[in-house]
There are 2 protein chains.
Amino acid sequence: MALGAERLPTASIRDVAAASGVSHQTVSRVINGSPRVKESTRQVVLRSVASLDFHPNRAARALAGAPVQSVTVLTANTRLYGFAGALEGIEAAARVAGFTVGVRVVEPGAQAADDAVSQAVELGGALIVIALEQKSIAALHAVPPDFPSAAIVVTPTADEAVGKPWVWIDDRKAAIEATNYLLGLGHRTVHYLSVPAWADTNPRLAGWRSALVDAGAPVPEPLCCSWEPRSGFEAGQLLTSDPDVTAVLCGNDDIAIGALRAMHHAGRSVPADVSIVGFDDIPIALYCSPSLTTVRQDFVALGRLCFARLLSLLDPSSIDQWAPFPDAKLIIRESAGPPHKRRRRGPVAARPRPLPTPSR
Amino acid sequence: MALGAERLPTASIRDVAAASGVSHQTVSRVINGSPRVKESTRQVVLRSVASLDFHPNRAARALAGAPVQSVTVLTANTRLYGFAGALEGIEAAARVAGFTVGVRVVEPGAQAADDAVSQAVELGGALIVIALEQKSIAALHAVPPDFPSAAIVVTPTADEAVGKPWVWIDDRKAAIEATNYLLGLGHRTVHYLSVPAWADTNPRLAGWRSALVDAGAPVPEPLCCSWEPRSGFEAGQLLTSDPDVTAVLCGNDDIAIGALRAMHHAGRSVPADVSIVGFDDIPIALYCSPSLTTVRQDFVALGRLCFARLLSLLDPSSIDQWAPFPDAKLIIRESAGPPHKRRRRGPVAARPRPLPTPSR
DNA sequence: CTGAAAGCGCTTACAG
DNA sequence: CTGAAAGCGCTTACAG
């Protein structure tokens with residue numbers, strides 16, 4: 001009960017038992033769907049449950065050792081596109097399954113990740129970590145191996161993920177595809193504006209780099225941004241002074257929009273002078289001018305999937321279907337095109353595809 | 001305990017008592033900060049707590065009737081700018097106060113609001129309703145009057161809110177200010193693209209309308225949009241065919257960006273031909289082309305404030321400081337300006353102000 | 001199929 | 001200042 005609040009007395013399992021003329025254990029069996037109850041008594045009990053408006057007390061249930069239908073989501077952020085999408089998907093799936101959803105943001109700092117995890121573990125229930133950046137990855141590592149948990153992670157390397165209840169979108173492959181698309185349009189190389197990268201193994205960065213290497217293209221130094229459009233604007237301004245920059249891949253759409261603006265400020269036309277490609281396909285991407293060519297990622301579906309993995313892990317009787325992970329998909333719009341004629345030197349790697357009309 | 005998970009045995013209050021050579025009641029007093037404990041025994045107990053890594057069990061605490069330090073946030077959505085900002089602020093403030101935060105999305109449908117509330121009430125703890133649209137407003141009305149709760153609401157009328165633990169941003173006033181700004185630039189009237197409105201008393205709509213009436217300007221029919229940029233685009237397309245439309249106020253920035261795009265598609269220049277003003281000041285607003293003149297609203301601060309109100313309500317001993325609500329603020333950028341010369345007929349209401357350079 | 005027993009970990013009175 | 005008692009509402013064995 002909360003401080004300062006006098007609650008109305010609520011019906012307990014014993015009230016239902018008395019009203020039904022049975023023991024409270026039988027009531028427990030009925031509300032928990034045990035098969036070992038005579039149908040006629042079940043009916044009687046159910047009627048009492050309804051008339052008394054009985055609802056089982058979660059705290060008592062948890063204390064008595066019953067499974068707690070709750071999950072705490074550990075995340076570094078609740079608003080950024082990927083994080084918020086994942087949370088939305090988890091909440092929706094959990095709600096359908098009758099689970100309560102807790103949210104706990106992981107603060108910066110070495111100790112914070114451990115604290116967040118241990119507090120979540122104390123709560124009981126289960127844990128989902130949205131491990132898409134450094135702080136929450138630290139939290140993921142701090143989860144006790146025997147604690148029921150699942151995680152949304154960045155594309156893991158090799159068999160790092162075998163046996164782990166992890167889900168992800170293959171953004172490494174997507175970065176390769178996006179880079180190859182730009183190279184295929186005829187660009188000599190592709191510059192990269194990165195979201196915060198916590199290691200050299202950052203998959204989007206790695207995909208971009210490997211695509212350039214495989215194509216024999218020069219690999220420029222990537223510029224590290226934050227997640228915000230401002231950082232894309234500032235990084236974009238650095239690039240405008242370099243006439244060799246004709247194609248820029250961005251770690252997310254906010255950065256891409258910031259970079260777009262920087263190009264406009266500098267009088268460089270997009271895509272005629274510079275092509276820009278983003279990551280995410282935020283709703284606004286279609287309505288920018290020019291509309292943004294970007295890699296669509298369905299984080300809501302990923303969140304739902306993650307909860308499903310958790311559920312199958314909690315209930316060993318359920319068959320884990322291993323539903324496929326959502327695919328990243330390059331959405332071709334207006335912000336990328338062939339390089340300006342005067343910039344094209346030497347043989348072109350592939351015939352430039354025509355610039356498509358904007359589409360969803 | 002969750003299904004399928006064998007947890008390590010964790011230290012209980014009795015283990016701490018045994019290790020300290022005191023009764024478990026004394027341990028309870030220590031961990032709850034009771035003053036009626038000898039300092040020396042407190043030290044002993046605290047040492048045992050640390051060495052055993054003891055953490056009180058929340059379920060047991062709740063069951064024994066202690067205050068539950070948890071709050072459930074009821075909302076229609078976790079991603080839209082205002083809702084997500086409010087959630088972020090609530091979570092941050094709750095985390096600092098040691099509260100657990102639950103999130104429950106209210107589904108559409110008459111019954112859903114009641115269900116969401118009763119489920120949240122059963123959980124115990126407290127409730128915060130982000131009542132910014134119809135479904136969650138229905139939920140707010142369904143909260144039992146004696147249950148500890150607070151709410152983020154749309155600007156209430158008159159003394160509708162007296163004595164209620166409600167917080168809001170005065171968007172009615174802000175809509176008046178934005179409308180007057182456009183009229184002051186010399187526009188004959190201002191069209192309105194509304195976010196979903198659940199009543200004629202919608203404050204932004206009401207503010208816009210009253211500003212027009214007060215100025216003696218014609219009041220065009222408002223167009224109802226969803227929250228998404230697509231709806232702004234579609235509504236914007238309807239307006240492009242009408243040459244009398246020179247100024248458009250939008251219920252949020254996403255709609256404004258959609259409308260901006262519609263104008264571009266139709267070959268109408270913003271702000272030379274049409275002025276567009278949004279609501280929210282999303283991070284991208286500054287980086288659109290043209291950058292968006294918009295009404296900034298600090299929903300994160302509002303969320304923090306709402307939690308503070310809840311806390312003061314839960315703890316009667318605390319003095320409720322009645323911190324002021326965050327102000328909405330018109331941020332003048334590039335997307336609004338004086339109407340095109342050829343569109344200006346008759347005397348101009350006020351001398352147009354110069355179009356400022358983009359700024360934060 | 002159903003009931004009597006024991007206990008989950010804590011807190012609130014009540015004694016001293 | 002500290003301890004022994006009782007109980008929060010439920011569930012899991014254990015009997016029958």
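**View 1. Where the two copies meet.** The copies meet through the same surface, since 100% of the interface residues of chain A are also interface residues in chain B. This is a predicted model, in which local features need pLDDT of at least 70 and side-chain atom pairs count only at pLDDT 80 or more, while totals for chains, interfaces and linings use all residues. Residues are numbered from 1 along each chain as its sequence is written, and chains are lettered from A and ligands numbered from 1 in the order in which they are written. A turn of 180° with a shift of 0.0 Å along the axis lays chain A on chain B with an RMSD of 0.1 Å (least-squares superposition on the C-alpha atoms of residues with pLDDT of at least 70 in both copies). That is the relation of a two-fold axis.

**View 2. The surroundings of DNA strand D.** Here 24 residues surround the strand, and the closest are A:S12, A:I13, A:S28, A:A60 and A:A64 (a residue is near a strand if its C-beta atom, placed from the backbone, lies within 6 Å of it). Elements giving two or more residues to this surface are α2 (24-31) and α4 (58-63) of chain A, along with α2 (24-31) of chain B. Helices are DSSP runs of H or I with at least four residues, strands are E runs of at least two, and both are numbered from the N terminus.

**View 3. The surroundings of DNA strand C.** Of the 24 residues around this strand, A:K38, B:I13, B:S28, B:A60 and B:A64 come nearest. Two or more residues each come from α2 of chain A and from α2 and α4 (58-63) of chain B.

**View 4. A:A259 and its contacts.** Leaving aside neighbours within four places in sequence, A:A259 is in contact with A:L193, A:G232, A:F233, A:A235, A:G236, A:V248, A:C250 and A:I276 (contact puts two C-beta atoms, placed from the backbone, within 7 Å).

**View 5. Helix α8 of chain A.** Now look at residues 171-184: the 14 residues of this helix should span 20 Å at 1.5 Å a residue, and its end C-alpha atoms are 19 Å apart, which agrees (the expected span is 1.5 Å times one less than the number of residues). Ten of the 14 residues of α8(A) are buried, including A:D171, A:I176 and A:L183. Buried means that 20 or more other C-beta atoms, placed from the backbone, lie within 10 Å of the residue's own. The buried residues of α8(A) pack against α9 (203-214), β8 (247-250), β9 (275-280), β10 (293-296) and β11 (329-331) of chain A. Just after α8(A), A:G186 takes a positive phi of about 115°.

Technical notes: Buried ≥ 20, exposed ≤ 12 C-beta atoms within 10 Å, placed from the backbone.
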